[in-house]
Amino acid sequence: RVPAAALEQTMARLKLLSQAQVIGPITTQRLTCSGAVVNISLVATPLVDAKGRVYAISTTKRLQSVAE
């Protein structure tokens with residue numbers, strides 16, 4: 001889940017991914033199931049078919065630290 005403060009930035013990144021652009025590595029934030037905000041390192045790679053269309057996005061997330 002994405003914190004409300006990071007939603008606009010996340011939507012901009014999704015637009016880049018839809019244009020087959022690789023994102024990362026970047027530092028961003030996510031919400032845990034309990035609602036705590038955590039800092040993560042994220043790499044997102046669009047998967048493109050033979051016709052150049054994005055059909056999926058592969059992501060790797062690594063926990064960095066718990067935000068205060």
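Biologist: How many residues of each class are in the lining of the largest pocket?

Modeller: Six are nonpolar, two polar and three charged. Ala, Val, Leu, Ile, Met, Phe, Trp, Tyr, Cys and Pro count as nonpolar, Asp, Glu, Lys and Arg as charged, and the others, Gly among them, as polar. This is a predicted model, where local features need pLDDT of at least 70 and side-chain atom pairs pLDDT 80 or more, while totals for chains, interfaces and linings use all residues. Numbering starts from 1 along each chain as its sequence is written, and side-chain values use heavy atoms, without hydrogens or water.

Biologist: What is the volume of the largest pocket, and which residues line the pocket?

Modeller: Rolling a water-sized probe over the atoms shows where empty space is left. Here the largest pocket holds about 160 Å³ (an open set of 1 Å grid points that fit a 1.4 Å probe, with protein on both sides within 12 Å along at least five of seven lines; volume is the space filled by probe spheres on the points). Its lining (an atom within 4 Å of a point) includes Thr10, Arg13, Leu14 and Leu17. Ile23, Arg30, Leu42, Ala44, Ile57, Thr59 and Lys61 line the pocket too.

Biologist: Which element supplies the largest share of that lining?

Modeller: α1 does, with four residues. α1 (7-18), β1, β2 and β3 (54-66) each give at least two (DSSP runs: helices H or I, at least four residues; strands E, at least two).

Biologist: In which sense do β1 and β2 pair?

Modeller: Antiparallel: β1 (23-31) and β2 (37-48) share seven bridges (pairing needs at least two in DSSP). Glutamine 29 of this structure stands opposite asparagine 39 in β2. Five residues separate the strands of this hairpin, and glycine 35 has a positive phi near 95 degrees.

Biologist: Is leucine 42 buried or exposed?

Modeller: Buried, at 7% relative accessibility (under 20% is buried, over 50% exposed, partly exposed in between; 1.4 Å probe, protein chains only). Leucine 42 is in β2. Its contacts (heavy atoms within 4.5 Å), not counting residues up to four places away in sequence, include Ile23, Ile26, Thr28 and Thr59. Threonine 28, in β1, is buried at 6%. By the sequence limit of four places, threonine 28 touches Gln9, Arg13, Val38, Asn39, Ile40 and Leu42.

Biologist: Which residue forms a salt bridge with aspartate 49?

Modeller: Side chains of opposite charge can pair when their charged atoms come close. Aspartate 49 pairs with arginine 53, the closest N and O atoms being 3.0 Å apart (a side-chain nitrogen of Lys or Arg within 4 Å of a carboxyl oxygen of Asp or Glu). The count by this rule is one. Aspartate 49 is partly exposed, at 25%.
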